[in-house]
Amino acid sequence: MSEQAPFWETKKLEEMSRPEWESLCDGCAKCCLNKFIDDDETTQDTELLPTTYINEGEQIHYTNIACHLLNEKSCQCSKYEQRTTLVPDCVRLTQENLDGVFFMPPSCTYRRLKEGRGMPSWHPLLNNGKKSAMHKAGMSVRGKIVKDDDVAIEYFEDYIVSWPLNDID
């Protein structure tokens with residue numbers, strides 16, 4: 001009797017059921033970090049506006065400043081169902097807006113699967129539903145953040161970090 005391959009190896013992201021889709025989230029909370037694109041065309045009037053695209057040659061800068069709704073220990077949103085109402089810039093990644101995956105960190109499972117790089121070994125789905133392998137591998141935000149309500153927006157640039165760009169296997 002042969003084992004059936006896991007759904008993430010047999011289905012495209014667009015074909016997954018809602019529960020399958022939701023289970024792909026590794027729970028690292030890197031998507032809850034404040035990030036920005038620094039470009040030559042940014043003005044004082046446009047620098048804080050959200051974007052749905054990145055131009056060629058631009059780079060996303062991650063900070064270690066997380067949304068005030070994030071529970072740092074569990075790496076989960078404390079108001080998940082209301083998050084997009086409470087934080088209008090919070091992006092809900094879905095199968096319909098999957099092209100927006102560019103703003104997710106390279107280790108994000110949605111991004112990895114979209115780019116054909118497969119499931120990371122530390123993902124909870126490969127570790128009995130536990131996040132401990134992810135935390136141990138340093139792939140979550142646990143112990144690395146400050147909250148956005150503790151930092152004045154004019155100082156956000158002082159909190160740029162490169163660790164969210166880390167990816168393994």
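**Briefing: a buried arginine, a nonpolar core and unpaired cysteines**

A polar atom of the Arg112 side chain lies 3.2 Å from the backbone oxygen of Ile168. Arg112 sits in helix H4 and is buried, at 1% relative accessibility. The model is predicted. The protein chain has 169 residues, and 36% of them count as buried.

**Fold**
- The protein chain holds 5 helices and 6 strands.
- Along the sequence, these elements follow the pattern α-α-β-β-β-β-α-α-α-β-β.
- Take the contacts between residues at least 6 apart in sequence: 66% of them join residues at least 24 apart.
- The exposed area of the protein chain is about 10700 Å². Carbon and sulfur atoms supply 48% of that area.

**Around Arg112**
- Leaving out residues up to four places away in sequence, Arg112 touches Pro106, Ser107, Arg117, Gly118, Met119 and Pro120.
- Under that same exclusion, Arg112 also touches Asp167, Ile168 and Asp169.
- Ile168 therefore appears twice: in the list of residues that Arg112 touches, and as the owner of the backbone oxygen 3.2 Å from a polar atom of the Arg112 side chain, a distance within the 3.5 Å cut-off for a polar contact.

**Nonpolar core**
- The largest nonpolar core has 27 residues.
- The residues with the most contacts inside this core are Trp8, Leu13, Leu24, Leu33, Tyr110, Val141 and Ile145.
- Two or more core residues come from each of helix H1 (7-10), strand E1 (33-37), strand E2 (60-66) and helix H4 (109-114).
- E2 gives the largest share, 3 residues.
- Leu33 is in contact with Tyr62, Thr63, Asn64, Ile65 and Ala66, when neighbours within four places in sequence are set aside.
- On the same terms, Leu33 also contacts Val141, Ile145, Trp163 and Pro164.
- Val141 and Ile145 are thus among the contacts of Leu33, and they are listed with Leu33 among the residues with the most contacts inside the core.

**Cysteines**
- The structure holds 0 disulfides.
- Cys28 is in no disulfide. Its nearest cysteine sulfur belongs to Cys31, 6.1 Å away.
- Because a disulfide needs sulfur atoms within 2.5 Å, the 6.1 Å between the sulfurs of Cys28 and Cys31 does not qualify.
- Cys28 is buried, with a relative accessible area of 6%.
- Cys32 is in no disulfide either. The nearest cysteine sulfur to Cys32 is again that of Cys31, at 4.2 Å.
- Cys32 counts as partly exposed, at 23% relative accessibility.

How values were computed
Residues numbered from 1 in each chain as written. Predicted model: local features only at pLDDT ≥ 70, side-chain atom pairs only at ≥ 80, totals over all residues. Heavy atoms only, no water. Helix = DSSP H or I, 4+ residues; strand = E, 2+ residues; numbered from the N terminus. Buried < 20%, exposed > 50% of the residue type's maximum accessible area, 1.4 Å probe, protein only. Contact = heavy atoms within 4.5 Å. Areas by Shrake-Rupley, 256 points an atom, 1.4 Å probe, with all protein chains shown as cover. Core = buried A, V, L, I, M, F, W, Y, C linked by side-chain atoms within 4.5 Å. Polar contact = N/O pair within 3.5 Å; in protein donor to acceptor, adjacent residues only side chain to side chain.
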